[in-house]
Amino acid sequence: MTRSRRVGRRYAALRPIVEGIEEFRRLTDDREAAAELALDDASFADEVAELDAALEASTAKLTRLLAPRDPNDDADALLEIKSGRAARSRRCSPETS
C-alpha cells in the first residue's frame with residue numbers, strides 16, 4: 001500500500017474523532033456562556049438545559065469513537081454456510097438429560 005493511501009485512510013478514520021472533539025468544545029463553550037447569561041436573564045436557563053442534553057450526547061459519541069478498535073475490523077472475512085441434514089442430527093443439537 002502506498003504512503004498516500006495509508007495517510008488517506010488514517011485521515012478518514014480520524015476525521016470523525018476530530019469533528020466530535022470540535023463539537024464537544026463548541027458545546028462546552030456555548031454552555032458556559034449560556035450559564036453566565038442565565039444569571040442575568042432567566043430565558044437562558046432553558047438553553048443551558050438543552051446544551052446539557054447535547055453535551056451528554058456528544059460525550060457518548062466521543063466515548064464510542066475513542067474506544068479501542070479491533071485491528072481486524074477492516075479485514076475481510078469469509079463465512080461458509082453448508083446446507084444439509086447435519087443441523088438436525090443429534091450430535092449437533094444440545095444434549096438433553
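A nonpolar core is a set of buried Ala, Val, Leu, Ile, Met, Phe, Trp, Tyr and Cys residues joined through side-chain atoms within 4.5 Å. The exercises below use this term for a model that is predicted.

**Exercise 1. Find which residues form the largest nonpolar core, and state which elements give two or more residues to this core.**

Solution. Begin with the secondary structure, which for this chain comes to 2 helices and 0 strands. Next, pick out the members of the largest nonpolar core, which are the 5 residues L27, A34, V48, L51 and L55. The elements that give two or more residues to this core are α1, covering 3-38, and α2. Of these, α2 provides the largest share, namely 3 residues. To see one member in its surroundings, take L55, which touches F24, L27, T28 and R31 when residues up to four places away in sequence are not counted.

**Exercise 2. Work out how α1 and α2 are oriented: roughly parallel or roughly antiparallel?**

Solution. The first step is to read the packing geometry, in which α1 and α2 meet at an angle of about 160°, while their axes lie 9 Å apart. The second step is to compare this with the cut-off, since angles over 145 degrees count as roughly antiparallel; α1 is therefore roughly antiparallel to α2. As a last step, add the handedness, for the crossing of α1 and α2 is left-handed.

**Exercise 3. Decide whether S58 is buried or exposed, and list what S58 contacts beyond its neighbours within four places in sequence.**

Solution. Locate S58 in helix α2, which spans residues 44-66. Its relative accessibility is 3%, and because buried means under 20%, S58 counts as buried. Once the neighbours within four places in sequence are left aside, the contacts of S58 are G20, E23, F24 and L27. For the wider setting, buried residues make up 10% of the 97 residues in the chain.

**Exercise 4. Classify D52 by its accessibility, and find what distance separates its C-alpha atom from that of L27.**

Solution. D52, too, lies in helix α2. With a relative accessibility of 31%, which falls between the limits of 20% and 50%, D52 counts as partly exposed. Turning to the distance, the C-alpha atoms of D52 and L27 are separated by 8.5 Å, although the two residues are 25 apart along the chain.

**Exercise 5. State what share of the exposed area of the chain carbon and sulfur atoms supply.**

Solution. The chain exposes about 8,800 Å², and of this area carbon and sulfur atoms supply 52%.

Terms used. Residues numbered from 1 in each chain as written. Predicted model: local features only at pLDDT ≥ 70, side-chain atom pairs only at ≥ 80, totals over all residues. Heavy atoms only, no water. Helix = DSSP H or I, 4+ residues; strand = E, 2+ residues; numbered from the N terminus. Buried < 20%, exposed > 50% of the residue type's maximum accessible area, 1.4 Å probe, protein only. Contact = heavy atoms within 4.5 Å. Areas by Shrake-Rupley, 256 points an atom, 1.4 Å probe, with all protein chains shown as cover. Axes fitted to C-alpha atoms, helices over the stretch in contact; angles between N-to-C directions. Parallel < 35°, antiparallel > 145°, perpendicular 65-115°, else oblique. Left-handed = near helix turned anticlockwise from the far one by under 90°.
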